[in-house]
Amino acid sequence: MDFSLSKQHEMLRNMVSEFAQAELSPKALELDEKGKFPFGEVKRAAGLGLVGIVNSKKYGGAEMGHLARVIAIEEVSKAYPPLGFFLQVGSIGMYMLETDGTEDQKKKYLPPLCKGEKIMATALTEASGGSDPSAMQTTAKADGDAYILNGRKLFISFVEASDWVCVTSKTDDKFNVFIVEKGTPGFEISRRDKHEGLRSIPVNEFALTNCRIPKANLVGQEGKGLGVTMSGIAVMGRMGAASVGLGIAQGCYEIALKFAKERKLYGKRVADLQAIQFMLVDISTGIEAARLLTYKAACLLDQGKNAREAGIEIARAKLYACDLANDVALKTVRILGGAGTTPEYQVTRRLRDALELLPAAGTQEIMKVVIGGGITR
Ligand SMILES: Cc1cc2nc3c(=O)[nH]c(=O)nc-3n(C[C@H](O)[C@H](O)[C@H](O)COP(=O)(O)OP(=O)(O)OC[C@H]3O[C@@H](n4cnc5c(N)ncnc54)[C@H](O)[C@@H]3O)c2cc1C
């Protein structure tokens with residue numbers, strides 16, 4: 001077993017770290033306070049090949065694999081988690097198209113998405129509960145060469161900034177996924193939710209009222225839409241959330257360690273106080289464990305395992321890394337004393353972002369349901 005990264009992965013980490021430190025860190029607070037979608041940063045990330053990092057070169061992607069994606073999201077999220085979160089959610093639809101889309105769909109949608117010229121949201125969650133897709137009420141009825149969609153989705157990331165939305169529907173116990181183009185008559189964004197974290201990622205509610213969607217926009221085999229959606233959410237959403245969590249934890253750890261080494265009390269460094277050291281030990285050990293879990297799940301995907309075959313490992317990574325991000329951010333606030341909640345250190349910004357990871361891409365309890373079901377099968 002070799003734990004070292006390949007030269008290619010090391011180079012990618014260095015490149016993304018330089019980008020994050022030079023271009024994201026200096027304006028992360030301002031972007032957060034403005035609460036506007038970071039179009040410019042998405043475009044830059046796309047230019048570096050990060051948006052379509054797992055997509056095929058044939059469709060404009062970088063074809064670097066899942067471990068590369070995890071490393072890239074981790075580095076971005078150390079500085080500015082909302083961009084990491086975009087790389088998480090924004091790629092779910094891209095994955096669904098790449099694995100289940102038709103050749104025409106891949107050619108039409110993937111190249112502009114990989115370039116960051118267009119943006120795609122993914123909509124599963126409804127008021128009936130994100131954890132229970134079987135209760136969803138969005139319907140799609142066949143009508144000639146089209147489907148008529150009716151329903152309402154909520155908690156959907158960056159719909160207002162998107163050009164296209166992958167919508168999951170359920171009719172007569174059959175699920176289907178459709179690419180819905182914004183501007184289609186009957187598509188209407190009804191609300192922007194106010195969330196405490198990831199403030200530059202708008203979260204929207206939208207309605208579909210007799211939306212006529214061409215049959216050519218059906219993604220995957222008719223009736224197989226739940227599998228298509230859940231694979232995308234597991235492989236890109238949960239793996240992405242784990243990577244954002246890892247980045248937040250690492251970013252906070254670096255702040256805590258620097259502060260503890262520099263701050264003097266009783267004539268010595270705060271880092272020499274055992275209570276502080278023990279927190280730093282717990283943080284660094286947790287990060288090591290989260291990284292191993294996340295990288296292992298990514299390697300399984302790179303070795304060809306699918307969402308079902310790597311489902312337990314993916315869920316473990318999401319569960320552990322997202323809990324860790326919250327724990328580390330809170331411990332960092334404590335280590336910094338009164339400085340912990342000042343904007344200067346930007347720890348509370350990261351703590352707020354970490355909170356959003358708990359429900360996103362499936363709650364922590366749902367991760368336990370996945371793992372529990374798997375290990376007791
Ligand atoms: C920032 C953010 C961005 C998001 N972006 C998107 C997006 O782009 N697209 C999208 O479709 N959705 C998105 N979501 C929604 C997210 O996927 C849901 O919030 C999540 O799936 C949980 O659904 P819910 O909020 O309806 O909670 P519920 O499903 O109502 O859950 C309520 C509680 O019950 C628990 N619970 C549910 N089932 C079980 C069970 N079987 N066993 C034990 N406990 C259980 C849950 O863990 C939770 O504690 C986003 C959410 C956030 C916060």
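**View 1. Two domains meet the ligand.** In this predicted model, domain 2 (120-225) and domain 3 (230-375) each give at least three residues to the shell around the ligand. By class, that shell holds 9 nonpolar, 8 polar and 2 charged residues.

**View 2. The nearest residues.** The ligand has 19 residues around it. Those that come nearest are T125, G130, S131, T363 and E365.

**View 3. Polar contacts of the ligand oxygen atoms.** The side chain of S131 places an N or O atom 2.6 Å from an oxygen atom of the ligand. For E365, a side-chain N or O atom lies 2.7 Å from a ligand oxygen atom. G130 uses its backbone: an N or O atom there is 2.8 Å from an oxygen atom of the ligand. On its own, the ligand has 990 Å² of accessible area, and the protein covers 67% of this.

**View 4. The pocket and its elements.** The ligand takes up the space of the largest pocket. Four elements give two or more residues to the shell around the ligand. Two are helices, α5 (81-89) and α12 (364-375). The others are strands, β1 (120-123) and β3 (146-157).

Technical notes. Residues are numbered from 1 along each chain as its sequence is written. This is a predicted model: local features need pLDDT of at least 70, side-chain atom pairs count only at pLDDT 80 or more; totals for chains, interfaces and linings use all residues. Side-chain values use heavy atoms; hydrogens and water are left out. A residue is near a molecule or strand if one of its heavy atoms lies within 4 Å of it. A polar contact is a pair of N or O atoms within 3.5 Å; within protein, one must be able to donate a hydrogen and the other to accept it, and residues adjacent in sequence count only if both atoms are side-chain atoms. Accessible areas come from the Shrake-Rupley method with a 1.4 Å probe; for residues, only the protein chains shown count as cover. On a 1 Å grid over the protein atoms alone, a cavity is a set of points where a 1.4 Å probe fits but cannot get out, and a pocket is an open set with protein on both sides within 12 Å along at least five of seven lines; lining residues have an atom within 4 Å of a point. A molecule sits in a cavity or pocket if more than half of its atoms lie within 2 Å of its grid points. Ala, Val, Leu, Ile, Met, Phe, Trp, Tyr, Cys and Pro count as nonpolar, Asp, Glu, Lys and Arg as charged, and the others, Gly among them, as polar. Domain bounds come from an automatic or database domain assignment.
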